[in-house]
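Here is a short report on one protein model. Look at the fold, then follow the charged pairs and the cysteines.

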Amino acid sequence: AQPTESEKEIYNQVNVVLKDAEGILEDLQSYRGAGHEIRESYPLGFLLLIQGLVFENEAALRGLLGALTSTPYSPTQHLEREQALAKQFAEILHFTLRFDELKMTNPAIQNDFSYYRRTLSRMRINNVPAEGENEVNNELANRMSLFYAEATPMLKTLSDATTKFVSENKNLPIENTTDCLSTMASVCRVMLETPEYRSRFTNEETVSFCLRVMVGVIILYDHVHPVGAFAKTSKIDMKGCIKVLKDQPPNSVEGLLNAL
């Protein structure tokens, strides 16, 4: 979907974030850890890139939520009118869950950062100066530690950003946000469970994309809705969504089921 004139400003901002995100995923897939070379060439630059992307991702999500929940249009009207932004919202969720999957299966990232902090601490005690780009201040280091300590750090960041968006926009009915999320969950579920739509998917990566987006919006909905996604009054068909997940090959959706 191509952005309309009214979408272009937000679209262009988010596009930059998505390009950075793509590069981070590629690097993360090939990340093997610093190993014995950690003292010589600690891959701090890469982890700082991730940290920068965390802030960008959060800002992008809030910008997209603002565009997709504004009055006077309903969530369905927004998703029809602003298809380019809706797709970007889906792409951010896809990146978020893919990042967390890779982080879960690659303990080297957190281990290397812990090693770096211990090394830096010893250097400070012994008054050994660190090279400029190899040192981060305590505040950022603490923030990075908390981030990597989370099981699903990027999803936690987006959940917090969505909650913050709702609390900061008290003049906007909360239903505008929750209905937007539940509508996206329904669209993904219907596309995955309806043979006619499913047959149009040209590869399994499209299936994975829809599954991740569906799980992502459910988790965001669960965070901001007063009674959550699993309540009887929820507008998300949780039984249907879980059935769709369980109908996939088990090894491909284990992480997504655990996230729920």
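Start with a single residue. E168 has a relative accessibility of 47%, so E168 counts as partly exposed. This model is predicted, not determined by experiment.

**The overall fold**

What secondary structure does the protein chain contain? It comes to 12 helices and zero strands. Along the sequence, the pattern is α-α-α-α-α-α-α-α-α-α-α-α. The protein chain has 260 residues, and buried residues make up 45% of them. Its accessible surface is about 13,700 Å². Carbon and sulfur atoms hold 52% of that surface.

Now consider contacts in the protein chain with a separation of 6 or more. Of these, 75% join residues that are 24 or more positions apart.

**Salt bridges**

Side chains of opposite charge can pair when their charged atoms come close. How many salt bridges does a search of the whole structure find? The search finds 12. The table lists some of them.

| Pair | Closest N to O |
|---|---|
| R62 and E168 | 2.5 Å |
| E101 and R212 | 3.0 Å |
| D237 and R189 | 3.9 Å |

Take R62 and E168, whose side chains meet in a salt bridge. R62 sits in helix α2 (residues 44–69) and E168 in helix α7 (residues 153–168), so the pair ties together parts that are 106 residues apart in sequence. R62 has 23% relative accessibility, so R62 counts as partly exposed.

Next come E101 and R212, which also form a salt bridge. Why does this pair tie together parts that are 111 residues apart in sequence? Because E101 lies in helix α4 (residues 83–104), while R212 lies in helix α10 (residues 204–224). Are these two side chains buried or partly exposed? E101 is partly exposed, with a relative accessible area of 21%. R212 has 8% relative accessibility and counts as buried.

The third pair in the table is D237 and R189, at 3.9 Å from N to O. This pair links distant parts of the chain, 48 residues apart. D237 is in the loop between α10 and α11 (238–246), and R189 is in helix α8 (residues 174–193). D237 is partly exposed at 36% relative accessibility. R189 is buried, with a relative accessible area of 13%.

Some salt bridges share partners. Those bridges join R98, E101, E205 and R212 into one network.

**A buried leucine**

L155 is found in helix α7. Its relative accessible area is 5%, so L155 is buried. Which residues does L155 touch, leaving aside its neighbours within four places in sequence? L155 is in contact with T96, L97, D100 and I219. Look at L97 in particular. L155 and L97 are 58 residues apart in sequence. In space, their C-alpha atoms are 6.7 Å apart.

**The cysteines**

How many disulfides does the structure hold? It holds zero. C188 helps to show the reason. The closest cysteine sulfur to that of C188 is in C210, 5.2 Å away, which is too far for a bond. A disulfide needs the two sulfur atoms within 2.5 Å. C188 counts as buried, at 8% relative accessibility. C180 also counts as buried, with 0% relative accessibility.

**Looking back**

The chain has 12 helices and zero strands. Salt bridges link some of these helices, including α2 with α7 and α4 with α10. The structure holds zero disulfides.

Technical notes. Residues numbered from 1 in each chain as written. Predicted model: local features only at pLDDT ≥ 70, side-chain atom pairs only at ≥ 80, totals over all residues. Heavy atoms only, no water. Salt bridge = Lys/Arg side-chain N within 4 Å of Asp/Glu carboxyl O. Helix = DSSP H or I, 4+ residues; strand = E, 2+ residues; numbered from the N terminus. Buried < 20%, exposed > 50% of the residue type's maximum accessible area, 1.4 Å probe, protein only. Contact = heavy atoms within 4.5 Å. Areas by Shrake-Rupley, 256 points an atom, 1.4 Å probe, with all protein chains shown as cover.
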